[in-house]
Amino acid sequence: MSRRSLIATILVTAVVTALVTVSTTRAVVGQGTRPARTADGKPNLSGVWQVNNEANWDLQTHGARAGAVTQHGVYPYAYADVPAAPVLALGAAAIVPGSLGVVQGDGQIPYTPAAAMKKAENAANWIDRDPELKCYLPGIPRATYMPYPFQIVQSSAKIQMIYTFSNAARTIHLDQVAGPPDDTWMGHSVGQWEGDTLVVDVTHFNDKTWLDRAGNFHSDALHVVERFTPMSPDALRYEVTIEDPNVFTKSWTIAMPIYRRLEPNIQLLDYPCIDFTEEFLYGHLRKQQLVKHWEGETMAVDITRKVPPGERLFEWYGK
Amino acid sequence: MRKRLLEVLAVVGMVVAVIVLLKVAPARSASTAQGLKTAWGDPDLQGIWTDDYQTPLQRAAKYASKAEFTDEERAELDRQRASILRRNQRVEVGTERDVAGAYNAVFQSIKHTGKRTSLVVDPPDGRIPPLTSEAKQRGDTDRQFRLALLQATETCKDGDAACAGGKYGARSPKYHELPPFYNTGRLNRSDGPEDRSMTERCMAAVLPDFTGYRRIVQAAGTVSIFYDVGQGQGWQRVITLDQVPHVASSVRQRFGDSRGHWEGNTLVVDVTNFSPKSDFMGARENLHLVERWTRVDAKTLDYTVTIEDPTTWTKPWTVKQEMNRQDEQANRIYYEPRCHEGNYGLPALLSGTRAEEAAFAAGKGPDPATKDSATDFGTEGGVDALTGGG
């Protein structure tokens with residue numbers, strides 16, 4: 001072999017070796033980086049995702065509100081309300097952000113008249129009624145757009161979705177498994193691929209979950225059809241059709257993007273809300289109460305916020 | 001030129017072949033489960049799994065020199081165990097003890113006797129290694145506190161086994177003290193949720209776990225396991241296969257922090273960052289697990305876990321469990337973990353105790369401290385031949 005051909009051999013070998021090495025070694029990458037397609041040619045949804053919107057506060061278009069719970073201020077107008085005691089001590093952290101809304105079409109939720117009244121009651125009694133505050137399983141679709149990351153583990157016959165909130169999870173059966181004999185909080189999910197869209201049909205719900213913190217609700221006749229469509233490797237369009245003849249006069253649709261969490265070391269962390277809501281749920285049953293103003297089961301929150309020495313407003317300005 | 005090109009291609013071909021063989025060969029030679037791979041080439045651990053057989057965690061003293069039962073011995077043990085039907089005996093109807101034993105044999109499934117005499121495979125005697133003196137001290141302190149709270153009850157008056165090491169007498173001053181450690185078991189007191197057990201608070205699940213069912217779903221780079229355990233106290237686990245370090249030690253989680261990697265056909269998982277609120281046989285935040293999950297054949301998934309905590313045991317120990325594949329259709333019934341959502345028991349325990357205190361204060365009832373809400377009398381009434389006798 002001549003010197004030239006030897007050099008050529010070495011060069012070609014090096015290139016081919018590099019290619020083979022790349023193609024047979026699974027690159028060590030974080031959850032934030034994924035090939036766009038799985039081995040079986042489907043869009044690769046595996047990874048950690050999160051919405052970046054205000055849907056969990058209220059699916060519908062709304063302006064910012066002074067607090068998650070408010071009361072009349074000096075004026076009798078809703079727009080001049082002030083934060084109510086349960087959230088007052090949190091200051092600006094308790095403000096509800098405004099939103100363009102995620103309800104498609106005219107932005108209205110087509111409640112029956114009776115259901116519309118119940119929705120308004122729910123909103124007025126948010127703290128007492130929202131199952132989220134009790135750390136109950138969030139249901140579908142709410143689990144998707146709660147403001148915490150969730151993880152998709154996509155296999156060929158099953159897709160597991162794991163939610164930070166309350167360690168909730170569901171299995172999406174791509175293999176057409178028959179439903180359970182009982183109602184559930186998270187529903188029974190059966191999925192199929194329609195081109196590059198994952199379509200999930202969810203049934204077998206109970207009537208206990210809500211759709212947001214604004215009191216939007218459903219009955220046990222809820223039927224949800226979700227569509228997950230890649231917009232790019234790192235964003236999905238999430239479209240949900242909601243149907244429930246007991247509550248709505250017709251089906252309606254919400255839609256929003258879901259974004260991939262791109263931190264290379266992203267992972268779900270424990271969100272132990274069963275533990276952390278015990279005081280909220282059972283504090284009134286303690287022998288010696290920690291929150292002092294329980295009146296029966298009613299929590300009378302009496303906020304005392306002492307300003308620490310040196311932190312009064314004029315002192316802060318002077319620093 | 002053409003000859004040279006052929007020479008070049010031949011050399012390149014050989015080099016490539018060697019590289020490919022080197023990369024693929026180790027995995028193939030370790031493979032006993034041909035075809036049990038995912039579409040993307042990882043070992044396939046997926047499905048619903050449980051241990052179909054009953055094997056005690058530790059080997060009973062009477063089987064000290066015996067690692068495995070014969071088929072005849074298993075059949076005989078099955079016969080003896082089926083005849084016991086634990087919890088089917090009722091004590092005096094309407095008493096607290098009767099209510100405590102409400103979960104009778106109808107609620108208890110008895111599995112067939114397994115082949116091995118213990119789940120513990122290391123140490124070879126099938127026994128959990130001795131506790132460290134520090135752990136013994138912790139255990140004694142905890143036990144003394146629990147006994148003090150039982151002191152004024154009928155349980156101690158009657159000399160019940162639950163009061164062993166304690167005494168009967170007036171209500172202990174400890175009745176108004178904090179437990180020495182964050183409580184995870186049943187105390188004979190219901191001042192608040194923290195006095196009740198993790199089971200009553202719907203947080204019973206721990207890792208490692210040798211009960212219940214697992215549903216495993218995999219993707220490239222991730223293995224997820226749903227543990228269906230307890231009564232609706234299931235939980236979801238995600239094992240990251242990325243080679244990134246564990247989360248910071250300031251992050252403490254009920255089920256720790258899992259990092260996995262493949263060694264041939266075996267998923268090896270390192271688990272750290274446990275919480276002081278989670279208790280596995282006395283081990284808490286210092287618990288360290290190394291798990292090995294291996295798909296042996298179409299119907300079997302081997303699970304071994306090495307359990308280490310130098311503040312609890314004098315040396316690490318290892319448990320092995322053979323998990324059996326379960327039918328997807330027969331197990332389709334949803335295993336939603338909704339213990340918390342339906343937990344009427346915990347507020348009832350607390351409000352019941354408040355009512356008893358009010359009645360006692362009004363001179364209309366006994367001191368709640370004289371009643372026992374900590375002892376599970378339901379386990380009385382029979383000895384399992386598999387574990388009994390030491």
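The following paragraphs consider two helices and a group of paired strands in chain B of a predicted model.

Helix H4 of chain B comprises residues 133-150. At 1.5 Å a residue, its 18 residues should span 26 Å, and the C-alpha atoms at its ends are indeed 26 Å apart, so expectation and model agree. Four residues of H4(B) are buried, namely Arg146(B), Leu147(B), Leu149(B) and Leu150(B). Because these residues cover an arc of only 155 degrees around the axis, they lie on the same side of H4(B). The other side of H4(B) carries the exposed residues Ser133(B), Glu134(B), Gln137(B) and Asp140(B). What do the buried residues of H4(B) pack against? Their partner is helix H5 of chain B, which consists of residues 154-157.

A similar line of reasoning may be followed for helix H6 of chain B, residues 345-361. Its 17 residues should span 24 Å at 1.5 Å a residue; the end C-alpha atoms are 24 Å apart, which agrees. Here Leu346(B), Leu350(B) and Thr353(B) are buried. They cover an arc of only 65 degrees around the axis, and therefore they occupy the same side of H6(B). On the face turned away from this buried side, Ala348(B), Ala355(B) and Ala358(B) are exposed. The buried residues of H6(B) pack against a helix of chain A, namely H6, residues 278-282. After H6(B) comes Gly363(B), which has a positive phi, near 70 degrees.

The strands may now be examined, beginning with E6 of chain B, residues 222-228. Is this strand enclosed or open to its surroundings? Seven of its seven residues are buried, so E6(B) is largely enclosed by the rest of the structure. Thr222(B), Ser224(B), Phe226(B) and Asp228(B) point one way from the strand, whereas Val223(B), Ile225(B) and Tyr227(B) point the other way; all are buried.

E6(B) pairs with two strands, E5(B) and E7(B). With E5(B), residues 213-219, the pairing is antiparallel and extends over seven bridges. Within it, Arg215(B) has Phe226(B) of E6(B) as its bridge partner. The two strands form a hairpin with two residues between them, and Gly221(B) in the turn has a positive phi of about 90 degrees.

With E7(B), residues 235-240, the pairing is again antiparallel, over six bridges. In this pair, Trp235(B) of E7(B) stands opposite Tyr227(B). E6(B) and E7(B) also form a hairpin, with six residues between them. In its turn, Gly230(B) has a positive phi of about 60 degrees.

How values were computed: Residues numbered from 1 in each chain as written. Chains lettered and ligands numbered in written order. Predicted model: local features only at pLDDT ≥ 70, side-chain atom pairs only at ≥ 80, totals over all residues. Expected span 1.5 Å × (residues − 1). Buried ≥ 20, exposed ≤ 12 C-beta atoms within 10 Å, placed from the backbone. Arc of directions from axis to C-beta. Contact = placed C-beta atoms within 7 Å. Pairing = 2+ DSSP bridges.
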